[in-house]
Amino acid sequence: MTSLDWSREGFTMDDARSMAVTEAFVRLYKQRLIYRNHRLVNWDCALRTAISDIEITPAHDPNDFEVGKRHNLAFINIFTDEGKINSNGGVDFGGMPRFAARAAVLAALKAKVLSEFSVGLYRGAQKNEMKLGICSRIMSDNDKKIEIIPHQYEQEWKRWLENIQDWCISRQLWWGHQVPAWYVILEDDQFKDVGSYNDHWVVGRNEQEALMEANKLFSGKKFEITQDPDVLDTWFSAGLFPLSVLGWPDVTPDFKAFYPTSLLETGHDIIFFWVARMVMLGMQLGGDVPFSKYLLQPVGDNLLFSNGIPECGADALRLALVSYTAQSDKINLDVLRVIGYRQWCNKLWNAIHFAMLKLGDGYVPPQKIDVKSMPPVCQWILSVLNNAVARTISSFESYKFSDATTVCLPQAEGSSRKESIMISEYPSVVEAWSNAKIENDMDIINGAVRKLRSLRPQSGKNERYPAFALCRGHDITDIMRSYEFEIVTLAAISSLKVLNENDMNPAGCAVDVVNENLSVYLQLQGTLDAEAEQEKKHDLLAQEMNSSGYKEKAPLSIEEEQMMRLNAYLEELTIIDEGEHDLERRIHEQNVVWRMDMAEWIPELARWRNSEGILGWSLLAARAKMRRQWRWRNEGH
């Protein structure tokens, strides 16, 4: 179990992080990895700052920019900071907003006639996609130093790295880390505006260091310096966080012990804005990648809940969000899922509260447990609990956190009680608790209990009925007899009689199939049609799985589970058919078969329905087809 160490809390604008930002800038500048030059940028005319990387002339289109450099063309800027045409754009268009100027230039080209024999300068127009460049200089991950989870993002990572440009790190904003660069204005300079000469810049950790650099560069000359008003891109300081949070640039004990770290977890939408910059800066300044694994989480859509979200509690919301991590793209939060986890949390609290009422306030769990001396049901509880621990640990280790939400865990055996669960030992697997045979037995018992409870009529939920278990094979027979008390209690039946395959099927019972070797019967005054019930379950599940959007929305694990249920229903229908054929053979051999057409039973069916509210009787569930026969044993009828 891990918890946050708040003593290491940091903020990218605090003193320690600010010092790291300045140090990183100075080092990268001296290594000639940071330079000042004319660059095409994506300029935001409202914010009046560069935000990433625009188009027309060599100074406005990336392709023309490269051509212009090759041919030493002048780079003429025709835009003001507000996105309007400046004096370089011509007297006819000066002061126009960029979009109005575009239409005006087009109209002027169409109207311009060179001579009476020409048709003008306009030759046509076509749309061209505008692409916003993302710039960075970063490593290639061919050496596999970083594992990206989920793995499908690795190809996207490679594609981006293969098509990158230099990163424009300056921004024209009023907040952020000011660029640690100073402009030197010489007394004899013809132009005094900041930036007039590109070779007048010096970089230093502070103003005093910048003055020293200026004296070296312009020895013997009179000058004054002024700091660049630009600030650094926020991702520059954020990219240094794995270093700065551990004390870099100082080689601290924390840095020695914890760098590089093991895992970064964040949203997939900033894989290049942040993650790639951390890798780049970590390798250059820290000597290694800052982490070995990068876990991408889905990002939630901005949903509006017209009726709000009911009070579900933080635990239910956390469970719901974690359960969505099986998706790798976006979370479409379903409020009903949050409500479902709230109900689950309530059940868990009620179960613990009930147990503590029985155990008392002074209860202390034993340090050691003698599993073999316990009843089989207790051994089963410990065994499935042990499996839950193993599955959860496996889910965490493979970063499948959604799978971990399906189980809940106890405190580790032998661990001492702590002030908080956050500092308690994490549960671990106890080999002595595992018991595959008992788990298999209880799976059969639980299946039988569920089937018996489902056979109870809605009108008689509080009434206990006698039940029968028809077993095929000695193993199943022994299991059912060993757990007779548990079945009677959990299924709320009056009695259980275990039959083997040589016994006759009990009459006047509703029947359902647990598996190929076990069927259960509930003695009612009428029965449900088991095959019709199974067909109904099959049809409902098939309809759900074939509904629009099911395959896109349902997690793979849920889809596989429902497919298994669908196949199970089909198998049970086959078993019911086999049971019917077997019954026909037995009845025929004993020569006690009465066959009657459905028409002969209509008066009796009507009487049973009126008196009992039940549709009818059958010895065994018959096929729900147009033609049906009713079979009765000759004893007492």
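Helix H10 passes helix H11 in a right-handed crossing. This is a predicted model, and the crossing is a convenient place to enter it. H10 covers residues 314–323 and H11 covers residues 335–359. Two packed helices are described by the angle between their axes and the distance between the axes. For H10 and H11 the angle is about 125°, and the axes lie 8 Å apart. Angles of 65 to 115 degrees count as roughly perpendicular and those over 145 as roughly antiparallel, with the rest above 35 taken as oblique; H10 and H11 are therefore oblique to each other.

The contact between these two helices can be followed residue by residue. On the H10 side are Asp315, Ala316, Leu317, Leu319, Ala320 and Ser323. They meet Arg337, Val338, Tyr341, Arg342, Trp344 and Cys345 in H11. By type, the residues of this contact divide into 8 nonpolar, 1 polar and 3 charged.

A second helix pair is formed by H4, residues 153–161, and H9, residues 271–286. Their axes come within 12 Å and cross at roughly 75°. H4 and H9 are therefore roughly perpendicular to each other. From H4, the residues in contact are Glu156, Trp157 and Trp160. Those they meet in H9 are Ile271, Phe272, Val275, Ala276 and Val279. The residues of this contact comprise 7 nonpolar, no polar and 1 charged.

The strands come next. Strands of a sheet pair through backbone hydrogen bonds, either parallel or antiparallel. One open sheet has 3 strands in the order E3-E10-E9, with parallel pairing. Its edge strands are E3 (147–149) and E9 (261–267), each of which pairs on one side only. From one strand to the next, the twist averages 20°. Between E9 and E10 (residues 291–297) there are 6 bridges in the parallel sense. Glutamate 265, for example, has leucine 295 in E10 as its bridge partner.

Further along the chain is strand E13, residues 466–471. This strand is mostly covered, with 5 of its 6 residues buried. E13 is joined by 5 bridges to strand E14 (residues 495–499), and the two run parallel. In this pairing leucine 470 stands opposite leucine 499 of E14. E13 is also joined by 5 bridges to strand E16 (residues 518–523), and here the strands run antiparallel. Alanine 467 has leucine 522 in E16 as its bridge partner. E13 thus takes part in a parallel pairing with E14 and an antiparallel pairing with E16.

Methods. Residues are numbered from 1 along each chain as its sequence is written. This is a predicted model: local features need pLDDT of at least 70, side-chain atom pairs count only at pLDDT 80 or more; totals for chains, interfaces and linings use all residues. Side-chain values use heavy atoms; hydrogens and water are left out. Axes are lines fitted to C-alpha atoms, for helices over the stretch in contact, and angles run from 0 to 180 degrees between N-to-C directions. Helices (H or I, at least four residues) and strands (E, at least two) are DSSP runs, numbered from the N terminus. A crossing is left-handed if the near helix is turned anticlockwise from the far one by less than a right angle, and right-handed if clockwise. Contact means heavy atoms within 4.5 Å. Ala, Val, Leu, Ile, Met, Phe, Trp, Tyr, Cys and Pro count as nonpolar, Asp, Glu, Lys and Arg as charged, and the others, Gly among them, as polar. Two strands pair if DSSP finds at least two bridges between them. Buried means under 20% relative accessible area, exposed over 50%, partly exposed in between (1.4 Å probe, protein chains only).
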